[in-house]
Amino acid sequence: MRNIAVGIGGYIVNTLLGFVCRIVFVRFLPDDYLGVSGFFSNILSMLTIAELGIGIAIVYALYKPIAENDTEKVASLMQFFGKAYRIIGVVTALLGLAVAPFLKYLVEMPDTITESIYFLYAVFLFNQVIAYFFSYRGSFLLASQQNYIVTGLSYVATILQSILQMVFLALTRSYLSYLLIQTIGTVLYNVVVYIIAYKKYPYIADKKAKPLDTATKRTLFRNTRDLLLTRISGLFVNNTDNIIITYFQGLLTTGITSNYTLFISTLTTLFSQVFDGMTASIGNHNALEDNDKRYEMFRFINLSNFWLYSWGTVGIIFVSSDLVRVCFGEEFVMSPAIPVVLAINFYLVGMQSAVWTYMQTLGIFHYGRLISFVTAGIKIALSILLGADWGVFGIQISTALARIVTDVWYSPWALYKYGFRKKSAPFFGRYLLYLLVLCAECGVCYLLCAPIAIHPVVDLLLKFLICSIVPNLIFLLVFGRTRDFAMFKKAAGNMLDIVKSKFTAKGKTA
């Protein structure tokens, strides 16, 4: 709960400041710079293939020794982890430099961008690479259920960074100063986390730690191999949209679309704070409890999953365009079909969160690695086919269709068969029920939001209230008396008891 609270609280503050920073960015720099940021981000996301998925594999390997307080095994894993990530950092840098000569063929830089494309790319690449030399110690804190330390420091760094970026943009109107401040913030944050992890747990840097045994290495390499295949296919599914949009419709359209994807990624990251905060605890729970307890907890988390992502989906459909209109201007508003298709993708991915969290923490990395390539192949083929004629809508609907025919059904099936050893029919029955409830939420919100046309700011506030109240009321009416929802009440009661006991203890001490 501490991890979740720090994650959500810090992210809300950071997000509000990030929106202000984005508005300042749009006001003081040409629109094409938005496209440059999105384009380079997609290119460099492709380079994370060098990470090979070893981070997830080692965090999974840490759950059991941390739960059993096996400091020797932890020290050995961290020694291996550090060496692996230093190699990965060097490989990523080399791959990034190898891509540089081809940039001129991928994008035509407009006259409004005065900086060298290669220099800007080098700054982006440095920001990507430097983290590999420090971040592995932060991963240990995540595995040991202390995500709040990493998350809290990240938000403090980002908030200070955003304030400085806005000041320098207003004074200099220089995109380069904006990037360099980001670079300084990235370096300082990673160094501080690196030092804090060592101060709290000196044994993780034990140079005399024994090398990992052969069996552990074999398991790590097998898991890394499976995660590598999943990561490669995932990059083609999730990180190619801006590249394809830029190719078919140019940087300006990429920049305009990025205003919508900014809001969606904000929601995604906000909601992921909940699952990130729980991941290590779920891993610990899975390491200690039997299969029935694991399954009971999964049902509770999957219901939480739907509660969050159905609410977010409704908001994207009915509020995102009004938000763009108020923050950036009428000229940045896209056709109503775009928020709908973006919301579909948001929902499809979001509804897999509980499934992926359990596949990760149960260590069943092997399953799903090949189906992901099928998803990627369908997505790329359809994007090229539909993107030429339908533009952004065609590219986004291609991604949705590819997910529906592959991962949406396969990952839950694999989790139930190989993780819980149960039939998956109850999951899909519940999935269809969730979809019907979402349709009801959208229908009621449409009827209430459609007539609203008073003033952009008033429209935004009214629609936000409607899309916050209606989905939650409908959710409570449908699921408020279920066994899974009862766990919410139990968790809330436990939290109140903990808070009361802490206040009582402080009062006695005083």
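# A tour from pocket to loops

Start by selecting helix H1 (2-28), helix H11 (241-288), helix H12 (291-328) and helix H18 (456-479), each of which supplies at least two residues to the lining of the second largest pocket. The model in your viewer is predicted, so local features need pLDDT of at least 70 and side-chain atom pairs count only at pLDDT 80 or more, while totals for chains, interfaces and linings use all residues. Residues are numbered from 1 along each chain as its sequence is written, and side-chain values use heavy atoms, with hydrogens and water left out.

Some terms are needed before going on. Helices (H or I, at least four residues) and strands (E, at least two) are DSSP runs, numbered from the N terminus. Pockets and cavities are found on a 1 Å grid over the protein atoms alone: a cavity is a set of points where a 1.4 Å probe fits but cannot get out, whereas a pocket is an open set with protein on both sides within 12 Å along at least five of seven lines, and lining residues have an atom within 4 Å of a point.

**Stop 1: the second largest pocket**

About 770 Å³ of space lies in this second largest pocket, where a volume is the space filled by probe spheres set on the grid points, which are joined across faces, edges and corners. Now select Phe 19, Leu 267, Leu 270, Leu 323 and Phe 464, which are the closest to the centre of the pocket among the 26 residues that line it. Helix H12 gives the largest share of the lining, with nine residues. If you colour the lining by class, you should find 20 nonpolar, six polar and no charged residues; here Ala, Val, Leu, Ile, Met, Phe, Trp, Tyr, Cys and Pro count as nonpolar, Asp, Glu, Lys and Arg as charged, and the others, Gly among them, as polar.

**Stop 2: helices H12 and H14**

Keep H12 selected and add helix H14 (residues 353-362), whose axis comes within 8 Å of the axis of H12 and crosses that axis at roughly 145°. Axes are lines fitted to C-alpha atoms, for helices over the stretch in contact, and angles run from 0 to 180 degrees between N-to-C directions. On the H12 side, show Arg 294, Met 297, Phe 298, Ile 301, Asn 302, Asn 305 and Tyr 309, which meet Ser 353, Ala 354, Val 355, Tyr 358 and Leu 362 of H14, contact meaning heavy atoms within 4.5 Å. By class, this contact has eight nonpolar, three polar and one charged residues.

Zoom in on Ser 353, which belongs to helix H14. Ser 353 is buried, with a relative accessible area of 14%, where buried means under 20%, exposed over 50% and partly exposed in between (1.4 Å probe, protein chains only). A polar atom of the Ser 353 side chain lies 2.9 Å from the backbone oxygen of Gly 350. Leaving aside neighbours within four places in sequence, Ser 353 is in contact with Phe 275, Asn 305 and Tyr 309.

**Stop 3: Met 78**

Next select Met 78, which sits in helix H4 (residues 71-99). Met 78 is buried, with a relative accessible area of 2%. Not counting residues up to four places away in sequence, Met 78 touches Leu 62, Tyr 136, Arg 137, Phe 140 and Ile 204. Add Ser 139 as well: Met 78 and Ser 139 are 61 residues apart in sequence, and their C-alpha atoms are 9.6 Å apart in space.

**Stop 4: the second largest cavity**

Which residues line the second largest cavity? Select Tyr 63, Ile 66, Ala 143, Ser 144, Gln 145 and Asn 284 to show this lining. The second largest cavity has a volume of about 30 Å³, and its lining has three nonpolar, three polar and no charged residues.

**Stop 5: three loop residues**

Go to Pro 211, in the loop between helix H9 (175-200) and helix H10 (214-238). Pro 211 is exposed, with a relative accessible area of 63%. Pro 211 and Gln 79 are 132 residues apart in sequence, and 7.9 Å apart in space from C-alpha to C-alpha.

Then select Arg 173, in the loop between helix H8 (147-172) and H9, where phi is near 50°, a positive value in a residue other than glycine. Arg 173 is partly exposed, with a relative accessible area of 49%. Arg 421 lies in the loop between helix H16 (407-420) and helix H17 (425-449), and its phi is near 60°, a positive value in a residue other than glycine. Arg 421 is exposed, with a relative accessible area of 63%.

**Last stop: the whole chain**

Finally, zoom out to the protein chain, which has 19 helices and zero strands. Buried residues make up 50% of its 510 residues.

Technical notes: A polar contact is a pair of N or O atoms within 3.5 Å; within protein, one must be able to donate a hydrogen and the other to accept it, and residues adjacent in sequence count only if both atoms are side-chain atoms.
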